[in-house]
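Good morning, and thank you for coming. I would like to take you through one structure in three steps: a single strand, then the domains, then the contact between the chains.

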Amino acid sequence: MTQPRPMPKVRSLACPNCGGTVEVRGLGRTLTVVCIQCLSVLDATTPSLQVIEQFRAKERFRPLIPLGTRGKLDGVLYEAIGMQVREMTADGVAYHWSEYVLFNPYRGFRYLTEYNGHWNLVTVLQALPLATMRGTRPIANFMGATYRHFQDYQAATIYVMGEFPWRVHVGESVKCDDFIAPPRMLSREQTDGETVWSLGEYTPGAVIWKSFGLRGSPPSAAGVFANQPSPAAGRVVTAWKRFLVWVAILIFIQFTAMLFHAGATVFSQRYSFTQQTAGTHENSFVTGVFELPGRICDVEVKVNTDLDNNWAYFNLALINADTSDAYDFSRQVSYYHGRDSDGVWTEGGSKASVVLPSIPPGRYYLRVEPEMDTTAARSAVNSMRYQIEVIRDVTTWPFFFIGVVLLLIPAIWTTIRSGSFEQKRWAESDYSGGG
Amino acid sequence: MSRPAGNCPNCGAPVEFQFSSAVQTTCPYCHSILVRQDVDLKKVGEVADLPPEISPIQLLTEGIYKSKSFRVVGRIIYQYELGYWNEWHCITHQGESLWLSDAMAEYAVSALVKPTKPLPDPGNAYRGARVEWNSASFEITSINRARYLGVEGELPFEYWDKSEMVFADLRNGSAQFGTIDYSESPPLLFIGEFVSFDSLGLRNIREFEGW
């Protein structure tokens, strides 16, 4: 088989019906051969090519792979020797597809099916898949994989040409069931006499074109085919895995940041305050200057009070001692508690905290203006003790959460795309209600 | 492996046996079917014209199955609904008989085995019936009526006066394979497995022009 290949040996015979030339390429394996001139099906096992039947065709189909063309698939050279067109009806609409017979005298037969530009390379199975049920739906188990039932239909042969390793019969209809595990599909064909299982593998038209050296480009595939692999297949899992990896990295960065930067206190001072009545007094004062070293970072200002069933209001400003840039902010602190018919209750708290983002380094001081109830003269209500702390480089969570959300986008997008592909796939099945 | 030799009682041509336990062979010159009786060869029939050669396997093809080398020494050829079907009789280097079947280029290797449970009798052999052998479980997937067309070479039993026979095909979820041959009583059980052409490493095969 290593010598240069001569032309394929083709047996040329005369059709006993019309005298036209009938070519036989399948050596002794061909059982029936079709005379395409007079549409006769001939018995290839009789030397005289007995006429088995003549058929009528509403239209003449042309094979996309011309019969007699050879191509290598799965590393094996095959010759296309026959084609049948089959038809099924669903919801009153007839669909037809082509099935090509591929032949290699040593390795036997394979088949190619084509529907709307979708191709499958098919092998008739010798082992027996196990058809069973999962819940209410039929499934088939084969070689460790589970195939989900896609549809059942009657497949009728409406047109034949070339050669077949079986007794082909135009008009014959068989009951078929397709089970899918993309990119593979198990098909079961049942006749009275036997059940034949076959395994198809989705094959892009471009691969067929290249294998058989066909001219032009393959017809583009329309819609989503039963066992067409989803372009998102595997990517959904990959996208979510990637998401988890990045979140893990974010968490790591976040905690490392917390470990290394967490709260260097740059200023801390205790004060006491008594509210004067009728706002005649200016309550504001400034603190001493403190240094915010290093780089631009977040600064937290904490106010801890001894308020008890009382409230206070703080107007604050962080002011750069050199540039006079000021960051104004304010906080109300109120803490109440008691006991009523429902039991003990508390409201608010005696502490407040403000995080000022992205403060440049430099020398700063705080302007503080506390305010309390001006109407009450009792010292228990209008005075307090409090502490102000300034903490540099506090860890903040917004960037972490924004990061998580940004990372979610591709994962969710991939999931949705995959979902819509599966929806299109199953829309053509017996289970178009869902997937 | 002894090679008892003799002469064809029909045409006098030398007849050689490669398989010491061969019971029957055919004369390569006049196609007489010869049966061994003690040291003599007796002509019991003649092989009609065999169909055009379709199998890449032929007498003296050699190969390897499960680390055992084998050589093809004989065959039985049938015709059934799906075409021609060759049962090639092979002898391993240890002298065992194996059958390499080629049914429309689907290949399987099997050997005659003793049933471990009674086989369904022909009346009870229907599609879907279960057949057990040792720990393996099979389903009858088809009942084939085959027409005996002829023999060639050496066989481990006499096989020549046949006409139409019934075979049951056994399959299961793995590549295992079985056949019940109802032409004998009690029926014969062959168990083996499907094999790919390339896995057998066949040598001395028939060459097809252009392939």
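Let me begin with a definition: a residue counts as buried if 20 or more other C-beta atoms lie within 10 Å of its own. Please also keep in mind that what you see is a predicted model.

With that definition, consider strand E3 of chain A, residues 32-35. Which of its residues are buried? On one side Thr32(A) and Val34(A) are buried, and on the other side Val33(A) and Cys35(A) are buried, so by the definition of burial both faces of the strand are covered.

Next, the partners of this strand. E3(A) runs antiparallel to strand E4 of chain A, residues 40-43, and 4 bridges join the two. Within this pairing, Val34(A) has Val41(A) in E4(A) as its bridge partner. The two strands make a hairpin, with 4 residues between them. In that turn, Leu39(A) has a positive phi of about 50 degrees.

E3(A) also pairs with strand E13 of chain A, residues 145-164, again in the antiparallel sense, here over 2 bridges. In this pairing, Phe164(A) of E13(A) is the residue opposite Thr32(A).

I now turn to the domains. Chain A is divided into domain 1, covering 11-229, domain 2, made of 236-257 + 398-427, and domain 3, covering 263-392. Taken over C-alpha atoms, the centres of domain 2 and domain 3 of chain A are separated by 41 Å.

Chain B is assigned domain 1, 5-46, and domain 2, 62-200. Their C-alpha centres lie 25 Å apart. How many residues bring these two domains of chain B into contact? Domain 1 contributes 13 residues and domain 2 contributes 14. On the domain 1 side, strands E3 (24-26), E4 (32-37) and E5 (40-46) of chain B each supply at least two residues. E3(B) gives the largest share of that side, 3 residues. By character, the domain 1 side consists of 7 nonpolar and 6 polar residues, with no charged ones.

Finally, the contact between the chains. Chain B brings 26 residues to this contact and chain A brings 23. On the chain B side, strand E8 (83-92) and strand E12 (136-153) each supply at least two residues, and the largest share, 3 residues, comes from E12(B). What is the character of the chain B residues that touch chain A? They divide into 14 nonpolar, 7 polar and 5 charged.

Thank you for your attention.

Terms used. Residues are numbered from 1 along each chain as its sequence is written. Chains are lettered from A and ligands numbered from 1 in the order in which they are written. This is a predicted model: local features need pLDDT of at least 70, side-chain atom pairs count only at pLDDT 80 or more; totals for chains, interfaces and linings use all residues. Domain bounds come from an automatic or database domain assignment. Two residues are in contact if their C-beta atoms, placed from the backbone, lie within 7 Å. Ala, Val, Leu, Ile, Met, Phe, Trp, Tyr, Cys and Pro count as nonpolar, Asp, Glu, Lys and Arg as charged, and the others, Gly among them, as polar. A residue is buried if 20 or more other C-beta atoms lie within 10 Å of its own, exposed if 12 or fewer, and partly exposed in between; C-beta atoms are placed from the backbone. Two strands pair if DSSP finds at least two bridges between them.
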